[in-house]
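Here is a friendly walk through a ligand site, a helix and an annotated domain. Please have a look at the structure first.

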Amino acid sequence: MRRPRTVVLALISLLAAGLSALPAATAGAAEVEQVRNGTFDTGTDPWWTSNVTAVPAEGELCAEIPGGTANRWDSIIGQNDLTLVEGESYRFSFRATGTPGGNVARAVVGLQVEPYTTYFEVSPQINVSGDVYSYTFTSPMDTAQAQVALQVGGNAADWNLCLDDVSLLGGVPPEVYEPDTGPRVRVNQVAYTPHGPKNATVVTEATEPLPYELKNADGDVVKSGTTTPRGTDASSGQNVHSIAFTDFDTSGAGYTLTADGETSRPFDIGTEAYDRLRLDAAKFYYTQRSGIAISDELRPGYGRAAGHIGVAPNTGDTEVPCQPGVCDYTLDVSGGWYDAGDHGKYVVNGGISVWQLLSTYERAKLTGHAAELGDGTLDIPESGNGVPDILDEARWELDFLLKMQVPDGQPLAGMAHHKIHDEAWTGLPQLPATDPQKRELHPPSTAATLNLAAAAAQAARVYEHYDPEFAADALRAARKAWAAARANPEMYASEADGIGGGTYSDRNLDDEFYWAAAELFLTTGEPELRNFVQNSPVHSIRYDAFGPISYDWARMTVPARMDLAMLPSSLPDRDQVRRSVIRGADRYLAEAKAQPYGLPYNPDNNMYDWGSSHQVLNNASVLATAYDLTHDGKYRNAALESMDYVMGRNALNISYITGYGEANAHNQHTRWYAHSLDPNLPGPPVGSLSGGANSSIQDPVAQAKLQGCVGQFCYIDDIQSWATNEITINWNSALTWMASFAADQG
Ligand code: 9MR
């Protein structure tokens with residue numbers, strides 16, 4: 001502990017005066033310090049350092065850190081052999097001074113041995129002012145092999161760091177986190193469509209109806225009425241009322257709703273925001289691209305070097321070996337999109353994302369809106385090539401998916417490798433081009449093979465008009481994958497294969513077989529495939545396909561049904577499929593009506609799923625499809641009303657779409673739009689959907705701040721909350737699909 005001179009002098013004079021008025025210890029009895037010699041009063045033992053040069057200092061640890069290393073962990077100051085107790089909360093704090101200021105340190109509490117799991121991490125900037133950093137987290141583990149470490153590498157130039165008062169205090173109360181939820185009148189903070197539903201939710205203690213006023217931007221009251229009490233909303237635990245002002249249809253900006261003494265955040269009535277969102281949601285993919293430099297001209301502020309093109313320090317993705325023992329060839333699997341905030345590329349999740357973008361286009365074509373997604377709409381390098389931009393964008397991923405297929409002449413030829421990613425998780429922030437880790441192909445899986453088959457089969461019909469050669473290649477690859485999956489129906493990706501990348505493991509593949517067969521059938525019309533579809537256990541009317549979650553990367557029955565319902569084919573029981581989609585929509589319609597926040601998603605036991613905001617949108621897309629099938633306005637209205645939830649009409653009063661709505665998610669978990677960790681990096685692009693509330697709060701930040709959260713409240717806009725606040729290609733595809741539907745209703 002380095003004491004400022006004045007304090008030292010004051011203490012000396014207190015002692016000299018014979019007084020014993022030393023400050024009382026503030027720690028409660030149960031709070032126990034885990035770190036030894038965190039004040040450096042007795043030298044620097046038992047601290048260890050790696051690739052830093054200790055500088056003599058009194059009462060603190062100062063070190064020179066070399067610049068120009070690639071990773072945070074290339075220079076470390078740490079202490080090992082600490083004990084953590086599962087479920088106990090700890091306050092991790094330290095004082096740090098950096099010269100020059102502005103370098104980033106990664107402060108970690110984690111396992112000191114492989115796989116070096118981090119239980120808590122933050123990456124603050126260290127300044128010349130000498131700041132105290134303090135965080136509370138809850139240990140997910142019992143271990144006597146924990147370490148605290150400051151990983152200080154990965155900065156461009158040499159710098160100096162002084163560290164003091166490092167503390168890991170056990171037994172502290174878990175932090176009480178109070179989200180700023182703003183005014184109690186909750187609206188779609190972006191826009192209601194002029195001829196669509198207009199609903200709001202008021203959080204109040206009142207049990208009787210309350211008066212409300214709708215005001216325009218000038219503050220004139222343009223409508224008034226009374227609220228409808230709705231009782232306690234299970235998804236938030238709040239007592240709420242609802243407001244319906246659907247019949248007000250004058251377009252404009254800056255409207256507000258006032259009730260119970262509170263005024264909502266402003267909103268528009270109009271369609272312009274949906275026209276923009278349709279494109280912004282799809283533009284998200286360009287900056288997720290691997291294997292190509294991102295043009296700063298096309299995306300101002302987002303230009304960056306190409307990631308993983310066989311140029312150091314990357315080791316991939318042009319010649320990627322398998323994990324040891326899996327294969328003895330290498331593959332060029334460059335290109336594709338990074339899955340999310342990580343640098344992994346996964347065939348399973350690539351498949352649904354491609355399907356949803358291609359379906360956005362197929363639906364737009366069927367409903368006469370293809371031009372809105374046409375050539376030149378997305379400002380991508382291919383704009384102007386005569387192909388609709390959304391197809392050019394999906395092609396970037398399709399080419400990658402095809403590269404993941406096991407080549408002819410190798411064992412398991414035709415199967416698809418499940419995924420490719422780093423050997424271990426990289427820290428934040430990390431630009432794709434600076435990722436130095438070893439990349440590996442993971443074993444082929446049946447699920448990945450079926451994703452490839454389905455997406456490539458769909459591509460074969462969608463690209464036929466623009467690029468017949470590619471369409472033919474895609475169909476060949478799809479057939480080969482289909483045959484390989486039939487021959488190897490039970491090759492499951494391991495649930496344990498989650499180091500350095502997600503698992504995307506799924507042991508129920510009836511739905512993936514059904515989806516791949518449906519796409520192949522819709523493209524080729526072949527009777528054998530039709531028979532497969534009709535005999536699939538998930539095709540049966542007795543099979544309940546429309547559960548609380550309609551579909552996601554692991555559940556692909558409903559997308560198959562939607563396509564079989566919408567696209568022309570010789571399926572004899574097509575009407576029955578259509579009726580099943582409409583019955584599914586009826587379920588989500590009932591959920592939306594029953595819930596005061598109007599969302600068509602009501603998970604069992606109120607356990608919000610990982611990526612709940614996209615589950616809301618996927619369920620909404622079933623409603624939208626029922627509207628396309630029936631033209632019954634009740635489905636359209638419920639689908640449009642679902643947008644309210646993701647645009648701010650929710651318990652947290654937050655829009656989950658970056659750049660849309662006055663209070664919006666913009667600190668999502670990502671390694672290269674990591675502005676909240678490094679001011680030199682951009683934040684997530686406008687139109688990025690955050691995963692949203694997740695009741696299982698798997699990450700340390702969510703665990704520290706959201707213990708005991710109810711449904712909608714299990715969310716925090718913090719870059720380290722990877723369980724509640726990530727961005728992914730399959731979530732933005734849900735947003736693209738629904739934004740396009742909503743824009744079409746203008
Ligand atoms: O979206 C996936 C979610 O359904 C799973 O429950 C979760 C845990 O396996 O993984 C999510 O996907 C992540 C993937 O594994 C790695 N990239 C980021 C994805 C979003 O968090």
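Around the ligand sit Asp339, Ala340, Asp342, Tyr346, Gly502, Tyr504, Trp553, Trp610, Glu726, Thr728 and Trp731, each with a heavy atom within 4 Å of the ligand. By class, this shell holds six nonpolar, two polar and three charged residues; Ala, Val, Leu, Ile, Met, Phe, Trp, Tyr, Cys and Pro count as nonpolar, Asp, Glu, Lys and Arg as charged, and the others, Gly among them, as polar.

This is a predicted model, where local features need pLDDT of at least 70 and side-chain atom pairs count only at pLDDT 80 or more, while totals for chains, interfaces and linings use all residues. Residues are numbered from 1 along each chain as its sequence is written, and side-chain values use heavy atoms, with hydrogens and water left out.

Three side chains make polar contacts with the ligand (pairs of N or O atoms within 3.5 Å):

| Side chain | Ligand atom | Distance |
|---|---|---|
| Asp339 | nitrogen | 2.9 Å |
| Tyr504 | oxygen | 3.2 Å |
| Glu726 | oxygen | 2.9 Å |

The protein buries 80% of the 450 Å² that the ligand exposes when taken alone (Shrake-Rupley areas, 1.4 Å probe).

Now to helix α14, residues 729-744, a DSSP run of H or I with at least four residues. How many of its 16 residues are buried? The count is 16 of the 16, so α14 is largely enclosed by the rest of the structure; buried means under 20% relative accessible area (1.4 Å probe, protein chains only). The end C-alpha atoms of α14 lie 22 Å apart, in agreement with the 22 Å expected for 16 residues at 1.5 Å a residue, where the expected span is 1.5 Å times one less than the number of residues.

Finally, an unreviewed UniProt entry annotates residues 33-153 as "domain: CBM-cenC"; such annotations may be inferred rather than shown by experiment. That stretch is 0% helix and 53% strand, with its end C-alpha atoms 27 Å apart; strands are DSSP runs of E with at least two residues.

Conventions. Polar contact = N/O pair within 3.5 Å; in protein donor to acceptor, adjacent residues only side chain to side chain. Buried < 20%, exposed > 50% of the residue type's maximum accessible area, 1.4 Å probe, protein only.
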